[in-house]
Amino acid sequence: MPPAPTTLECFAIVAPGLEPFALAEARALGLDAALEDGGIAWTGDARSALIANTGLRIASRVLVRLASFEARSFAELERHARKVAWSRVVQSGDAVRFRVTCKKSKLYHSDAVAQRVADALVRAIPGARAEGGSIPDDDATDDGDASLIVVRVMRDRVTVSADSSGALLHRRGYRQATAKAPLRETIAAAMLAASNWDERSPLVDPLCGAGTIPIEAAMRARRIAPGAHRTFAMERWPDVPATLGERVREELAERAQPTTDVQIAGSDRDAGAIAAAVSNAERAGVTGDVSLAVRSLSGAHFPEAARGWIVTNPPYGVRVGDVERVRDLWAQLGNVLRERASGWTLALLSPDVALERQLRIPLRSAASTSNGGIPVRIMVGEIP
């Protein structure tokens, strides 16, 4: 008789403000998740964690909690760290890195905490290679080949978790070609969720850049799992069956539709951006599901339909171009949409109320988050 599956405490990290959308996704995948600060949590087995990694579009990382304890001194930290069940997630020969945050605690030096925990891990798993010091949480330090241990010290309570994802989950694998100021796939997915797109009506992005929004829309409409073509760190864990990841990917692949009848289009005046978008759509497997064309904003095409969606990420003036030019672009966007897409729903990212006013379209805030370190709101409204 096979052993009972190990119960895991799982937590999916989500960009602030987007947790409710990720929760709805998780429940649609069959996960009994609940909202927590900074993400969503559930108790499940390894299969549930792999379903989350493979199927969640908005989450950035899935952690599995290994231990939680009080520690007000390094002696306490070391004593508890030696009792962590490291063998569940690390084996001899593995490279291990640490990401530590310390807030409102006696132990406030993140590098020193990382070093003590690394020493405990190496003693427990001979042959493991643990790098001392804490690494920052960004793409530049995101190494899918090394195991990542996340340590959070808050008010003297230490939580030790293993990263089950590896590379951040926005790395679907299709976006190898980018345009200026690229939009993360997870943010694009959140915009689609916040817009309440019905997945039947036309969807257009007239400022599509490298095509992230139309591609994410096509993947969503066809039920293509965002992690369908990648593997995850937890597939190397000693406790996880070698074939489980592939079985989960096959299970989610069975839910995918071979095509979609929905009209999904993207355009941009930059020919290089559209060339990147075409390459990205091909890698994502949605070439036949999206229409991508080089068009100026004034030449943008909108299908004849009483109902439709515009989901777009206009330039902000922070990274691309000057403020006056961007203000004029937002005004032009409003003019074009009111003239040719009246009655449609608009959803966009906005960093500034002053830019929103240029549109002359009534909008409400569906969520507040950040994009590339810039505070933004997902604004949604009906085009008059």
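Today I will talk about one helix and one cavity in this structure.

Before that, please keep in mind that this is a predicted model, in which local features need pLDDT of at least 70 and side-chain atom pairs count only at pLDDT 80 or more, while totals for chains, interfaces and linings use all residues. Residues are numbered from 1 along each chain as its sequence is written, and side-chain values use heavy atoms, with hydrogens and water left out.

Let us start with helix α6, residues 212–221, where a helix is a DSSP run of H or I with at least four residues, a strand is a run of E with at least two, and both are numbered from the N terminus. Because 10 of its 10 residues are buried, α6 is largely enclosed by the rest of the structure; buried here means under 20% relative accessible area with a 1.4 Å probe, protein chains only. Among these buried residues are E216 and R220, along with I213, I215 and M219. The elements covering them include helices α5 and α8 and strands β9, β10 and β12, and after α6 comes R223, whose phi is positive, near 60 degrees.

Now to the empty space: a cavity is a set of points on a 1 Å grid, over the protein atoms alone, where a 1.4 Å probe fits but cannot get out, and its lining residues have an atom within 4 Å of a point. By this rule there are 2 cavities of 30 Å³ or more, and the second largest holds about 40 Å³, volume being the space filled by probe spheres set on the points. Its lining includes V89, D163 and W237, and β7 gives the most to that lining, with 3 residues.

Terms used
Buried means under 20% relative accessible area, exposed over 50%, partly exposed in between (1.4 Å probe, protein chains only). Contact means heavy atoms within 4.5 Å. On a 1 Å grid over the protein atoms alone, a cavity is a set of points where a 1.4 Å probe fits but cannot get out, and a pocket is an open set with protein on both sides within 12 Å along at least five of seven lines; lining residues have an atom within 4 Å of a point.
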